[in-house]
Amino acid sequence: ECVSGCVCPKGLFDDGKGGCVEEKDCPCIHNNQWYSPGQKIKVDCNTCTCQKGAWTCTEYMCYGTCMIYGSGHYITFDGKFYDFDGSCEYVATQDFCGDENSSGSFSIITENVPCGTTGVTCSKAIKMFLGKTELKLENKDYKEIQRDIGDDVRYGNRTVGLYLVIEASNGVMLIWDKKTTVFIKLTPDYKGKVCGLCGNFDDKSNNDFTTRSGLLETSALKFGNSWKQSSMCPDVTQEIKPCDIKPHRKSWAEKECSIIQSEVFKICHSKVDPKPFYEACVHDACSCDSGGDCECFCSAVAAYAQECTKAEACVFWRTPDICPIFCDYYN
């Protein structure tokens with residue numbers, strides 16, 4: 001940096017803390033946090049080590065994860081955040097993507113319904129098509145329907161804590177909290193071969209808004225509308241801002257959601273940016289005003305906690321007063 005004042009003597013480097021060090025002792029920076037030489041951090045499924053002021057990372061191919069949670073929040077496989085509130089069935093992800101030769105093996109559909117009175121929507125039911133098997137996840141349970149066409153794709157299901165996990169032999173995994181949060185995980189074989197609201201999993205987030213007809217959109221609304229399953233559903237024409245519609249809930253929502261930006265999550269802030277999760281939390285806490293249909297605030301904080309855990313920052317945020325869970329019951 002070009003600043004007046006003392007600089008380090010020849011052969012030594014500024015360590016960012018006012019000292020001068022040899023090159024081998026240079027620290028590294030990640031998300032505005034300094035790390036000493038030799039320190040390791042986890043980025044997705046890879047480990048990065050700080051060496052001479054630069055990160056050297058392993059290069060494993062990682063699973064892709066798409067997350068749909070709360071009232072219309074999406075994080076694509078490539079990490080793009082956006083909101084889309086449509087009341088219809090939409091393709092979350094599938095590998096039938098317009099290529100003449102593509103005989104897809106799976107499709108995951110999310111059914112979104114209004115939650116609260118402001119018009120925002122939550123994922124109420126998930127349909128998972130695996131070859132000729134259709135699974136419908138709804139009302140905390142799932143049922144299997146066998147169809148006549150398609151291949152045999154084996155799958156297994158298990159319960160892990162709060163979540164129902166469905167894992168298929170074709171490399172697709174679905175994790176559902178039996179409420180409004182869904183994680184879809186895909187093996188690296190699907191990179192660049194999927195489409196839908198979860199994007200195309202090609203490691204580039206700037207082309208995730210590819211519509212059903214293959215056009216690249218800038219608007220989340222046009223992109224989302226293109227993936228609806230039924231032409232009978234109306235298109236979404238405007239973004240809903242529930243805190244503007246219910247201003248009396250706004251200050252309460254901001255106060256509750258401030259836990260995401262508080263000391264409680266401090267160890268996570270440098271690893272996962274809290275801002276989009278805080279904004280999503282305020283949006284949800286304003287919108288769910290009819291109670292019961294979305295435990296909105298808790299789901300929104302849990303979504304951030306989940307990302308923190310993935311980044312190896314484990315946070316104990318639930319208390320008897322804030323979103324308690326009776327572990328004995330779930331164990």
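**Domains, one sheet and one helix pair**

Let's start with the layout. The domain assignment splits the chain into domain 1 (13–57), domain 2 (64–226) and domain 3 (242–311). Keep in mind that this is a predicted model. Between domain 1 and domain 3, the C-alpha centres are 32 Å apart.

Now the sheet. It is open and has five strands. The order is β11-β12-β13-β14-β15, and the pairing is antiparallel. Which strands sit at the edges? They are β11 (89–94) and β15 (141–146), each pairing on one side only. On average, neighbouring strands here are turned by 25 degrees against each other, direction ignored.

Take the β11 edge. Its partner is β12, residues 106–114. The two run antiparallel, joined by five bridges. Within that pairing, T93 stands opposite I108 of β12.

On to the helices. Helix α3 covers residues 247–257, and helix α5 covers 275–287. They pack at about 135 degrees, with axes 8 Å apart. Why call α3 oblique to α5? Because of that angle: roughly antiparallel would need over 145 degrees, and roughly perpendicular stops at 115. So α3 counts as oblique to α5. The crossing of α3 past α5 is right-handed.

Who makes the contact? From α3 we have R249, K250, W252, A253, E254 and C257. From α5 we have Y278, C281, V282, A285 and C286. How many residues of each class does this contact have? Eight are nonpolar, three are charged, and none is polar.

That's the tour. Questions, please.

Conventions
Residues are numbered from 1 along each chain as its sequence is written. This is a predicted model: local features need pLDDT of at least 70, side-chain atom pairs count only at pLDDT 80 or more; totals for chains, interfaces and linings use all residues. Side-chain values use heavy atoms; hydrogens and water are left out. Axes are lines fitted to C-alpha atoms, for helices over the stretch in contact, and angles run from 0 to 180 degrees between N-to-C directions. Helices (H or I, at least four residues) and strands (E, at least two) are DSSP runs, numbered from the N terminus. Angles under 35 degrees count as roughly parallel, over 145 as roughly antiparallel, 65 to 115 as roughly perpendicular and the rest as oblique. A crossing is left-handed if the near helix is turned anticlockwise from the far one by less than a right angle, and right-handed if clockwise. Contact means heavy atoms within 4.5 Å. Ala, Val, Leu, Ile, Met, Phe, Trp, Tyr, Cys and Pro count as nonpolar, Asp, Glu, Lys and Arg as charged, and the others, Gly among them, as polar. Domain bounds come from an automatic or database domain assignment. Two strands pair if DSSP finds at least two bridges between them.
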